[in-house]
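Reader: I have a structure open and would like to learn how its descriptions are justified. Could we go through it together, starting with a helix?

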Amino acid sequence: MNQPGRGAGYILGHSDGELLRLEQQAEIFRAETEDVLQRAGLQSGMRVLDIGCGVGDVALAAAAIVGSDGEVVGVDNAGSALFMARARAAEAGVAWTDFVEADIHEFEPTGAFDALVGRFILMHLPDPSEALRRLTRFLRPGGVVAFIEMDIEQAGAFPDLPLLDRCVDWIASTYRKVGVEPNMGARLYPTFRAAGLDPAMHGSCKIENGPDSITYEFAAETLRTLIPAMEEHGIATEIEVGVDILADRLRQKAVGGDHCIFFPRIVGAWATTAT
Ligand SMILES: C[S@@+](CC[C@H](N)C(=O)[O-])C[C@H]1O[C@@H](n2cnc3c(N)ncnc32)[C@H](O)[C@@H]1O
């Protein structure tokens with residue numbers, strides 16, 4: 001079983017399905033991510049470190065801002081995710097990216113960075129403030145620190161949709177059981193403060209409705225990847241979740257009852273280190 005923390009696995013694994021789910025997630029959160037990177041002050045020519053880069057979405061967004069005069073180094077401990085990140089960077093013709101396989105807690109870069117960024121990574125770390133403290137040492141004075149996390153339990157529907165509430169509860173309960181923080185967005189403030197940073201913050205929430213919404217597949221695919229952990233911790237069985245028909249059930253109920261769906265709240269926090 002995956003346990004979060006130093007040297008341990010990533011709770012959602014890196015199956016082909018999960019790598020595709022990460023890309024789907026990137027599409028959902030692309031605008032918010034670009035917005036936070038811009039607000040944080042990423043600029044042309046900067047050298048950026050993206051921790052827990054996964055399949056490279058944040059690294060690619062940062063690379064578009066820093067341009068070919070800059071550089072983006074993505075770090076992840078999952079070789080399969082990095083393989084995909086490298087392929088995507090090559091396909092996009094973004095040669096100023098480098099993807100390094102390492103644990104965040106042990107990564108030692110060569111040369112200083114202008115910015116440290118990450119998305120949906122602090123939630124997986126046993127001590128996110130300590131990780132920030134360590135990683136900000138790799139920044140030049142006045143360097144940018146920008147992170148994006150979510151508050152999973154803010155997701156839901158209006159009018160209330162009990163099946164969606166159950167999905168959110170299954171996901172949040174499983175995360176908690178394995179030590180992953182489901183509401184890291186709200187915790188960005190104390191995390192930055194404990195790392196000696198004074199953040200500005202912004203939150204946003206995607207709201208969708210109708211039969212074509214990506215919500216239903218996204219919820220079902222997230223749960224599919226969590227089923228082994230859910231079963232191991234006695235949260236729900238594959239049969240209870242009914243994962244193969246879950247997306248259709250959610251769609252039918254949401255459309256039938258004319259519900260609008262609120263995605264998890266996305267929170268960005270950014271700061272600069274002392275000059
Ligand atoms: C939810 S994914 C986010 C990926 C990417 N930042 C994004 O937003 O699409 C979390 C990533 O962090 C990586 N990860 C988790 N713990 C790590 C650690 N201790 N060291 C390096 N990477 C880690 C996982 O392998 C996974 O790819």
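Author: Happily! Helix H5 has these buried residues: Leu 164, Cys 167, Val 168, Trp 170, Ile 171, Ala 172, Thr 174 and Tyr 175. Keep in mind that the model is a predicted one.

Reader: What makes a residue such as Leu 164 count as buried?

Author: The test is a count of neighbours: 20 or more other C-beta atoms must lie within 10 Å of the residue's own. Leu 164 is listed as buried, so it meets that cut-off.

Reader: What covers the buried residues of H5?

Author: The cover includes strands E6 and E9, along with helices H7 (215-232), H8 (238-241) and H9 (243-256).

Reader: How do you know that the span of H5 is close to what is expected?

Author: H5 covers residues 162-177, which is 16 residues, and from its first C-alpha to its last it reaches 22 Å. The expected value at 1.5 Å a residue is also given as 22 Å, and the two are described as close. After the helix comes Gly 179, with a positive phi near 85°.

Reader: Why is H2 called largely enclosed?

Author: Because 9 of the 10 residues of H2 are buried, the rest of the structure largely encloses this helix. Among the buried ones are Asp 57, Leu 60, Ile 65 and Val 66. Just after H2, Gly 67 has a positive phi of about 70°.

Reader: What makes strand E2 mostly covered?

Author: In E2 (residues 71-76), 6 of its 6 residues are buried. Its two faces are both covered, with Glu 71, Val 73 and Val 75 on one side and Val 72, Gly 74 and Asp 76 on the other. As a general point, side chains in a regular strand alternate between the two faces of the sheet.

Reader: How do you know that E1 and E2 pair?

Author: Pairing needs at least two bridges. Strand E1 (residues 47-51) and E2 are joined by 5 bridges, so they pass, and they run parallel. Arg 47, for instance, has Glu 71 in E2 as its bridge partner. On to strand E3 (residues 97-101): E2 pairs with E3 in the parallel sense over 5 bridges, and Val 72 has Thr 97 as its bridge partner there.

Reader: Why is the crossover from E2 to E3 called right-handed?

Author: Imagine the strands pointing away from you: a path from the first strand over the helix to the second that runs clockwise is right-handed. The chain goes from E2 through helix H3 (residues 79-91) to E3, and this β-α-β crossover is classed as right-handed, so its path runs clockwise in that view. E1, H2 and E2 also make a right-handed β-α-β unit.

Reader: What makes E6 and E8 edge strands?

Author: The open sheet of 3 strands has the order E6-E9-E8, with antiparallel pairing. Strands E6 (156-158) and E8 (207-208) each pair on one side only, and these are its edge strands. E6 pairs with E9 (residues 260-262) over 3 bridges, and Ala 157 stands opposite Ile 261.

Reader: How many residues surround the ligand, and which are closest?

Author: The ligand is surrounded by 19 residues, of which Gly 52, Gly 54, Asn 77, Ile 104 and Arg 119 are the closest. By class, the shell has 10 nonpolar, 5 polar and 4 charged residues. Helices H1 (16-40) and H2 each supply at least two residues of this shell.

Conventions:
Residues numbered from 1 in each chain as written. Predicted model: local features only at pLDDT ≥ 70, side-chain atom pairs only at ≥ 80, totals over all residues. Helix = DSSP H or I, 4+ residues; strand = E, 2+ residues; numbered from the N terminus. Buried ≥ 20, exposed ≤ 12 C-beta atoms within 10 Å, placed from the backbone. Near = placed C-beta within 6 Å. Nonpolar A, V, L, I, M, F, W, Y, C, P; charged D, E, K, R; others polar. Expected span 1.5 Å × (residues − 1). Contact = placed C-beta atoms within 7 Å.
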